[in-house]
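This report concerns salt bridges between side chains and the solvent accessibility of the residues that form them.

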Amino acid sequence: MRAWQLFQERCPVIILPVSAQLPFRFDQDQEDANVVRALLDAQRPLLAVPALGFPSVVVPTGTAGGAPVGVQVIAGRFRQDVCLALAELIEARASRLTPIDPRD
C-alpha cells in the first residue's frame with residue numbers, strides 16, 4: 001500500500017479497465033468452479049483497489065460488441081474529489097450511453 005501511495009504522489013490518477021474481459025453472460029457465474037475462478041481473475045482490477053483503501057469510481061464509456069464497457073479511475077488515499085472530478089470529465093466526453101438488458 002505504501003509503494004502504491006508513493007507512486008500516486010507522482011501519478012495522481014490511474015485509469016484502468018474495469019475488467020480484464022468484456023462483461024460475462026447472464027448466469028455465466030453459475031456454470032462451474034473453473035468459470036467462477038476465471039471471472040474472479042478477470043475482475044482483479046476492480047476488486048484489489050478498494051481492498052487496499054484507495055478511492056475509485058467506474059465510468060461507463062460506451063459499448064463493445066453490444067456489451068457495456070467503461071474505465072476505472074483510481075486516486076490516492078482520501079482523494080475521492082480527484083476521482084469524481086475526472087469521472088465527470090470522462091463521462092461528459094463518452095459516447096451516448098444506452099440501457100443494456102441483462103437478459104439479452
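A salt bridge is counted here where a side-chain nitrogen of Lys or Arg lies within 4 Å of a carboxyl oxygen of Asp or Glu. The side chains of Asp 41 and Arg 44 satisfy this criterion, with an N to O distance of 3.1 Å. The model is a predicted one, and the rule yields a count of 3 salt bridges. They are listed below.

| Acidic residue | Basic residue | N to O distance |
|---|---|---|
| Asp 41 | Arg 37 | 3.6 Å |
| Asp 41 | Arg 44 | 3.1 Å |
| Asp 81 | Arg 79 | 2.7 Å |

**The network around Asp 41**

Salt bridges link Arg 37, Asp 41 and Arg 44 in a network. Asp 41 pairs with Arg 37 at 3.6 Å between the closest N and O atoms. Both residues belong to helix 2 (residues 33-42); because Asp 41 and Arg 37 are 4 residues apart there, about one helical turn separates them.

How accessible are the members of this network? Asp 41 has a relative accessible area of 30% and is partly exposed. Arg 37, at 46% relative accessibility, is likewise classed as partly exposed, while Arg 44, at 53%, counts as exposed.

**The pair Asp 81 and Arg 79**

Asp 81 forms a salt bridge with Arg 79, and their closest N and O atoms are 2.7 Å apart. Asp 81 is partly exposed, its relative accessible area being 45%. Arg 79 counts as partly exposed at 39% relative accessibility.

In general, side chains of opposite charge can pair when their charged atoms come close.

Conventions: Residues numbered from 1 in each chain as written. Predicted model: local features only at pLDDT ≥ 70, side-chain atom pairs only at ≥ 80, totals over all residues. Heavy atoms only, no water. Helix = DSSP H or I, 4+ residues; strand = E, 2+ residues; numbered from the N terminus. Buried < 20%, exposed > 50% of the residue type's maximum accessible area, 1.4 Å probe, protein only.
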